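Subject: Structure handover

Dear colleague,

I am passing the structure on to you with this email, and I would be glad if you could look it over alongside the notes written underneath.

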Amino acid sequence: MAIISFSQNGSTPFQQLLGHNKGILERWASLEEYIYSSNTFPAELKEEVRRTLAFNNGCEYCKAKGAPSKDIMDSRTQTAVHLADLSSKTTHISDDEFSALKEVFTDSEISELLALICFITACQRFGALLNLGPVCQI
């Protein structure tokens, strides 16, 4: 059970926790929509990044949506998942890691991928800090 009450604002338990601050909720949801509607990366890549981060960030709500896949065949998705995993364990990425990224992604894609990772991390940390569980009674 979440440690604060759910607001009347928002359509998901996460949004209802954020919805105590309607302006933040609206802007957060707008950014989420923008990030997830981008065609730069396929939905499968974004989902594998989200799943990897959920387990590293400890968000029970997000973990309940599924574990990371064990057999990712796409090299771009593998690289993105590796970056997500790495970013949740360190605050700096080595030159060698960036060189490997640049073999797979453009600078623009790296920027967007890191923004995706940071946004997802912020969402999951918010949920974890407020003890948002996988099944919420609203």
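What follows are notes on the cysteines, on the main pocket and on one helix residue.

Please keep in mind throughout that this is a predicted model.

I began with the cysteines, and the structure turns out to hold 0 disulfides. The sulfur of Cys62 has its closest cysteine sulfur in Cys59, at 3.3 Å, and because a disulfide requires the two sulfur atoms to be within 2.5 Å, that separation is too far for a bond. Cys118 is in no disulfide either, with the nearest cysteine sulfur, that of Cys123, 11 Å away. As for their surroundings, Cys62 is buried at a relative accessible area of 10%, whereas Cys118 counts as exposed at 53%.

Cys62 and Cys123 also appear at the largest pocket, where they are, together with Phe14, Glu32 and Lys65, the residues nearest the centre among the 16 that line it. The volume of this pocket is about 260 Å³, and its lining comprises 9 nonpolar, 4 polar and 3 charged residues. Helix 1 (13–18), helix 2 (22–37), helix 4 (60–63) and helix 7 each give two or more residues to the lining, and the largest share, 5 residues, comes from helix 7.

Helix 7, which spans residues 107–129, also contains Ala122, a residue that is partly exposed with a relative accessible area of 33%. Measuring from C-alpha to C-alpha in the model, Ala122 lies 21 Å from Thr79, and the two are 43 residues apart in sequence.

With best regards

Definitions and conventions:
Residues are numbered from 1 along each chain as its sequence is written. This is a predicted model: local features need pLDDT of at least 70, side-chain atom pairs count only at pLDDT 80 or more; totals for chains, interfaces and linings use all residues. Side-chain values use heavy atoms; hydrogens and water are left out. Buried means under 20% relative accessible area, exposed over 50%, partly exposed in between (1.4 Å probe, protein chains only). Helices (H or I, at least four residues) and strands (E, at least two) are DSSP runs, numbered from the N terminus. On a 1 Å grid over the protein atoms alone, a cavity is a set of points where a 1.4 Å probe fits but cannot get out, and a pocket is an open set with protein on both sides within 12 Å along at least five of seven lines; lining residues have an atom within 4 Å of a point. Grid points are joined across faces, edges and corners, and a volume is the space filled by probe spheres set on the points. Ala, Val, Leu, Ile, Met, Phe, Trp, Tyr, Cys and Pro count as nonpolar, Asp, Glu, Lys and Arg as charged, and the others, Gly among them, as polar.
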